[in-house]
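Me: I would like to go through some terms used for this structure and see how each one is justified.

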Amino acid sequence: LVSNSALSKIDLVLRNVLKLCNESECLVASVHSTWNLYCSLDEESSQSLISCIRKYYLDKGKWRSVKAKGNDNVSLLFIDSSDSMDENVRYYRTIILEKISKDLTSIAESTAVSSLEERVTNLRLCLRLLLKLCKDWHAGFNGLSGRIGKGIFSIFLESVDKCTDAITSYTDNLPSRVLVGVKDDFLNVIHSISTIWSIFIEEKLLGLANHIKGTVRLCIDKMPQLLRRLESLVGEAVIDDTVRNYSTTLLEQCLLQIKTDESSDNSDAKVHVPKPNPKSDKTSTASSQPVEKECEEREFELENEEKKPVGMLNISSDSVEWVYTCVFTAFQKMWSDYYKLISRGKLNATSPSQERLGKLSLRKRRELSSALATTCKVFVEIDPSSKESMIFAELFSYQGKSTLSKYLESVTMTLISSIKHLSQYFQDDRKQHRQRHETKTFDAMKLSEPLICILGWLSSA
C-alpha cells in the first residue's frame, strides 16, 4: 500500500488517465497499449486502490463530504461514504473499460494491415486479455473491487464481446500453418467460456434481458464458434478432453422450468375452479392438497436419468424464453458452420495426424448428437399422464418457435448436403479408377465433415 500522502498523486494520475480516455479518439490503438491501459486498474489494482482509500480516511477519522456530485468532480480526495468509494472506483473502471471496448473494435477492423509477426504477437496478447477480462468480471462480484453494478456489468460484457471479435479477426487473417503454433493459446478461450458460465450459474444477473442473453450468447454461441473456426483451419482439437456442452444443459433446464410453470398453472386452476359437486366441501379440500404436493415433487429427467430440480439462478418464468431462444440460435449456427465447410469443399492447409483428426471428429460427432438428442425433448409431452397434455414446443414464444424452425431447417440442409457430397465423392472415385488416368490421392479430410454430420444425426436416435 502507498502512503497517505500519495493518495493525491494517485488521484491526479487517474484524472489524467480519464482525460486520456476521453481525448484519444484520434489516436491509433494498439493491442499493447490496450493491455497496459486495462492493467492500470484491473481487479487486483482496484482492490489495492480501495484498501489505500480506506486507510487514508481511517487515519483521518472521518469521510469527507462532497459539495457537488458529477463526473467532473469525481475525486478520491472527496469521498463521503463507503458506498461513495465503491462508486468512484466503478466510475474509473467503467471509463477505462469503455476505452478498451472502443480500442478493440478498432483493432478488429485493422488486423489485416499489420505484419505476420505482429499479428501473431497481438493474437496471443488478445487471448491473454480475454481471459483476464473474464476472470476480473467474475471476481468483481465478491465486492472487493467496487462491486458489480448494472453499468459496469454491461461494459464488461461489451468488452469481452469486442475482444472475441478481435481474436476472430486475427484468426481469419493468419495462415493455417501459423495457427497451429498458437493453438495452445486458445485454451484461454475454453477457460473464458467456463468463467462466463460460472457467472451465469452463480450470480444474479439483475433480471435484465441484455445481461442474460449476452452472457449466454458468449459462452454457448460466440466463443464456441470461434473454437470451431480455429479447429476447422488447423484440423486439430484445441483440447483432447471432452468439452462440456453448456447448450444442452441450458435447454434441459429451460424445459424443466417450463414443466414446473405448467404444473403450477394446472395446480392453481384445480385449486381455484370448484368441482361439479358443490355438496362436498371435503372433496374439494382433499383434492387440492395432493395437487399441490404433486406440483412440488415433479421433476425433469435428464439424460443421466437422475432427477434434479430447477437449480439455475437466472432461469425463471420471465427469462426462460430468452435462454432457449439463445440455445436454438447457437445450435443453428453450429449446423450452419458445418454446412459452409461442406459446401466450400476446401481442404485444410495443414496435415494433422490421423489420431488427432480422429479425436476431433469424435468430439464433433458427439457434440452434434447431443444437440439433436436434447432437441428431440422439445417434442415430448410435458405430462404424458394428462389427457390434454401438450408438447414443450407448443408453449414456446413466437420468436422461440421461429428460431427453432430455422435451426431445424439448417439441420435438414446440412444433412442433405452431406449425403449428396458423399454420393458424389464415391461416384467420382469409381470413374477415376475406371479411366486409370490422373487419379487423386484418397483424401479422408474431404469426407470427414459430411460423415461427422451423418453419424451425429444417426447416433442421436
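Reply: Start with exposure: buried means under 20% relative accessible area, exposed means over 50%, and partly exposed is in between, with a 1.4 Å probe and protein chains only. This is a predicted model, in which local features need pLDDT of at least 70 and side-chain atom pairs count only at pLDDT 80 or more, while totals for chains, interfaces and linings use all residues. Residues are numbered from 1 along each chain as its sequence is written, and side-chain values use heavy atoms, with hydrogens and water left out.

Me: Why is aspartate 59 called partly exposed?

Reply: Its relative accessible area is 46%, and partly exposed lies between the limits of 20% and 50%. Lysine 55, at 37%, is partly exposed too.

Me: What makes aspartate 59 and lysine 55 a salt bridge?

Reply: A salt bridge needs a side-chain nitrogen of Lys or Arg within 4 Å of a carboxyl oxygen of Asp or Glu. For aspartate 59 and lysine 55 the N to O distance is 3.3 Å, so the pair qualifies. The two are 4 residues apart in helix 3 (residues 43-60), which means a separation of about one helical turn. Helices here are DSSP runs (H or I, at least four residues), numbered from the N terminus.

Me: Why is glutamate 236 called buried or exposed?

Reply: Buried, because its relative accessible area is 8% and the limit is under 20%. Glutamate 236 forms a salt bridge with arginine 356 at 3.2 Å, N to O. This pair links distant parts of the chain: arginine 356 is in helix 13 and glutamate 236 in the loop between helix 9 and helix 10, 120 residues apart. Arginine 356 is partly exposed, at 47%.

Me: How do you know that glutamate 252 and lysine 377 tie together separate parts of the sequence?

Reply: Glutamate 252 lies in helix 10 and lysine 377 in the loop between helix 13 and helix 14 (398-435), so the parts joined are 125 residues apart in sequence. The closest N and O atoms of their salt bridge are 3.2 Å apart. Both residues are buried.

Me: How many salt bridges are there by this rule?

Reply: The count comes to 20. Asp161, Asp165, Arg217 and Lys222 are linked in a network of salt bridges.
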